[in-house]
There are 2 protein chains.
Amino acid sequence: MARQGFSDQNRSLERGIAILRAFRPGVSELGNAEIAERTGLAKATVSRLTQTLLGVGMLERHPSRRSYRLAPAVLSFAHAMRLGSPILPAIAPLMRQEATRRRVNVGLAAADGDMMVYLESFRYSPRSSFRTVVSGQRVPIELTSLGRAYLWALPEREQRRELGVIAERRSRAWPQLEADIQASFAELEADGFCIVRWQPGVAAVAAPVLLPGLAPHALNMSVASSEPLPRLQRTLGPWLLDLNRRCVAELEASLLPEN
Amino acid sequence: MARQGFSDQNRSLERGIAILRAFRPGVSELGNAEIAERTGLAKATVSRLTQTLLGVGMLERHPSRRSYRLAPAVLSFAHAMRLGSPILPAIAPLMRQEATRRRVNVGLAAADGDMMVYLESFRYSPRSSFRTVVSGQRVPIELTSLGRAYLWALPEREQRRELGVIAERRSRAWPQLEADIQASFAELEADGFCIVRWQPGVAAVAAPVLLPGLAPHALNMSVASSEPLPRLQRTLGPWLLDLNRRCVAELEASLLPEN
DNA sequence: TATTCAATTCCACTGAATGGAATTGGTGGA
DNA sequence: TCCACCAATTCCATTCAGTGGAATTGAATA
């Protein structure tokens with residue numbers, strides 16, 4: 001048995017991945033000491049695991065020899081994941097087209113723990129196609145339309161569990177937050193999408209994308225605008241629903257050939 | 001001591017990563033049995049490791065329960081890696097701009113074992129900005145201008161080693177291949193870039209990008225064209241060198257602030 | 001040259017990981 | 001409905017791989 005809590009996990013592998021996860025935007029360079037501190041692992045353990053990760057090409061060391069960073073190999077995982085997604089490749093062209101046509105950002109995301117991760121996001125920008133690639137970017141699940149659409153689409157049982165986790169983590173702000181989430185759920189129930197402004201000057205609508213037995217995804221549209229939400233809701237909502245409908249059609253078409 | 005060959009690696013972690021690496025473009029869905037076959041691991045071992053990878057969010061299972069795929073979490077590694085790169089964020093705007101201005105593809109890559117991995121590639125396409133994101137895509141090191149520019153920039157010692165590996169792996173075609181590589185090296189020596197046509201109808205020029213103690217990267221420009229190489233060389237070469245020069249300047253500027 | 005801090009290596013201990021074999025479970029066919 | 005088949009999982013005895021505290025090495029800084 002591994003340590004407290006979780007079942008039957010390979011400890012070394014778990015720890016190795018934890019080390020990789022310690023690298024995040026803004027934390028791109030870490031020495032063994034800092035990794036040990038952040039992960040709570042023993043120094044000796046970290047030293048050995050980072051050597052292994054170096055050996056298998058997941059980390060590279062800065063010449064100073066005092067620090068590691070993620071190596072290019074991790075990009076290949078991402079590439080394989082995106083190409084292999086049963087959803088993204090099928091609907092990416094529609095998303096792109098829609099971003100251009102409607103002059104909005106269009107994104108697709110899925111969950112990783114308590115965060116939503118963008119599989120793709122086509123950003124619209126007035127000047128040319130300035131495209132900050134944000135595949136892999138993470139946004140909090142409980143504060144975003146993306147995350148709430150995902151939560152809403154979850155089977156009862158898992159939804160409860162997720163909400164429980166969030167409630168615990170944000171115990172302070174939970175009462176208000178729960179109300180907000182429930183309001184979004186009500187929107188989703190009524191309209192098929194929800195709208196949230198989680199950063200000033202940005203509003204986003206999102207709707208779930210479901211495939212037979214696949215983890216729920218969420219599709220969103222966002223704009224930089226301070227217009228009142230109800231107004232935005234009336235324009236963005238129908239656009240999103242329309243796009244979503246066409247995506248679902250595309251997915252059904254792309255699914256038949258296989259199996 | 002771990003098994004034959006390599007030093008002092010954590011076996012479980014090594015194996016776990018090997019499992020992740022089994023997923024590649026075109027191999028997006030794997031069951032335990034197939035993973036066991038591809039990696040040479042025992043069935044029981046694979047079963048346990050995939051469970052762990054599932055637990056830490058690196059894999060997800062298809063509802064059929066018969067197969068795994070890479071989970072969205074791997075995208076976050078890629079995102080963190082790209083943002084944390086000491087090179088990419090600094091020169092990406094220049095690369096983009098140049099792709100548009102010159103109407104060519106502009107890419108940046110680094111090595112992973114015997115492959116080059118694109119950190120970014122701005123694709124130029126006549127119709128709008130049709131952008132197949134190829135960050136993470138892999139191309140063979142020995143056949144591409146990208147790879148040869150990288151090899152050329154390598155310290156003597158490591159260059160030898162790499163060439164040795166390639167020679168062994170491609171023993172059949174080695175004599176011709178070595179000649180080609182040496183020709184590219186000569187071009188790099190003389191002009192600062194090399195030009196290769198490794199797929200019919202596509203030609204690419206590449207040059208190394210070096211930073212003080214960082215692993216060499218390579219910058220390339222490519223076009224879909226069947227014009228004779230010498231002609232292309234005379235147009236693409238100067239463009240690339242110019243871009244490269246501006247990138248180096250940008251990098252020096254972006255490096256001073258730190259440290 | 002001396003000092004300091006991080007990384008690595010050493011070492012004895014042990015329980016975590018292993019793989020062959022048995023079991024479970026789900027799927028398709030009769 | 002039941003059976004046969006194949007993959008996945010679990011069991012279990014074995015042992016060696018992984019662990020962490022302590023000592024050592026090594027590299028920067030003053």
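## A tour from the sheet of chain B to DNA strand C

Start by selecting B:Ala109, and then look across to β4(B), where B:Tyr118 stands opposite B:Ala109. The model on the screen is a predicted one, and the stops below go from this pair of residues to the sheet around them, then to the DNA, and then to the salt bridges.

**The sheet**

Extend the selection to residues 105-112 of chain B, which form strand β3, and to residues 115-122 of chain B, which form strand β4; the two strands run antiparallel and are joined by seven bridges. With the remaining strands added, the view shows an open sheet of six strands in chain B, ordered β5-β4-β3-β8-β7-β6, with antiparallel pairing. To find the edges, select β5 (138-140) and β6 (194-199) of chain B, each of which pairs on one side only. From one strand to the next, the twist averages 35°.

Now bring in the other protein chain by selecting residues 73-84 of chain A, which make up helix α4. This helix packs on the sheet and touches β3, β4 and β5 of chain B, while its direction makes about 65° with that of β4(B).

**DNA strand C**

Select DNA strand C next, together with the 23 residues around it, of which A:Arg11, A:Asn32, A:Ala33, B:Thr45 and B:Arg48 come nearest. If the atoms of DNA strand C within 4 Å of the protein are highlighted, 73% of them belong to sugar and phosphate.

Three contacts with phosphate oxygens of this strand can be displayed one after another. For B:Thr45, a polar side-chain atom lies 2.2 Å from a phosphate oxygen of DNA strand C; for A:Ser47, an N or O atom in the side chain is 3.0 Å from a phosphate oxygen; and for A:Ser12, a backbone N or O atom lies 3.4 Å from a phosphate oxygen. Colouring by secondary structure then shows which elements give two or more residues to the surface near DNA strand C, namely α1, α2 and α3 (43-55) of chain A together with α1 (11-21) and α3 (43-55) of chain B. Of the elements at this surface, α3(A) gives the most, with four residues.

**Salt bridges**

A search of the whole structure finds 32 salt bridges over all chains, and three of them, listed here by their partners, are the next selections. Side chains of opposite charge can pair when their charged atoms come close.

Select A:Arg69 and A:Glu29, whose side chains meet in a salt bridge with an N to O distance of 3.4 Å. The two residues are 40 apart and link distant parts of the chain, with A:Arg69 in strand β2 (residues 68-70) and A:Glu29 in the loop between α1 (11-21) and α2 (32-39) of chain A. A:Arg69 is buried, because its relative accessible area of 7% is under 20%, whereas A:Glu29, at 32%, is partly exposed.

Move on to A:Asp242 and A:Arg245, where the salt bridge spans 3.6 Å from N to O. Both residues lie in helix α9 (residues 229-255) of chain A and are three residues apart, so about one helical turn separates them. A:Arg245 is exposed, with a relative accessible area of 54%.

In chain B, select B:Asp242 and B:Arg246, which form a salt bridge of 3.4 Å, N to O. These two residues are four apart in helix α9 (residues 229-255) of chain B, about one turn of the helix, and B:Arg246 is partly exposed at 26% relative accessible area. For the last selection, return to chain A and pick A:Glu98, A:Arg101, A:Arg102, A:Asp242, A:Arg245 and A:Arg246, which salt bridges with shared partners join into one network.

Note on methods: Residues are numbered from 1 along each chain as its sequence is written. Chains are lettered from A and ligands numbered from 1 in the order in which they are written. This is a predicted model: local features need pLDDT of at least 70, side-chain atom pairs count only at pLDDT 80 or more; totals for chains, interfaces and linings use all residues. Side-chain values use heavy atoms; hydrogens and water are left out. A salt bridge is a side-chain nitrogen of Lys or Arg within 4 Å of a carboxyl oxygen of Asp or Glu. Buried means under 20% relative accessible area, exposed over 50%, partly exposed in between (1.4 Å probe, protein chains only). Two strands pair if DSSP finds at least two bridges between them. Axes are lines fitted to C-alpha atoms, for helices over the stretch in contact, and angles run from 0 to 180 degrees between N-to-C directions. Contact means heavy atoms within 4.5 Å. A residue is near a molecule or strand if one of its heavy atoms lies within 4 Å of it. A polar contact is a pair of N or O atoms within 3.5 Å; within protein, one must be able to donate a hydrogen and the other to accept it, and residues adjacent in sequence count only if both atoms are side-chain atoms.
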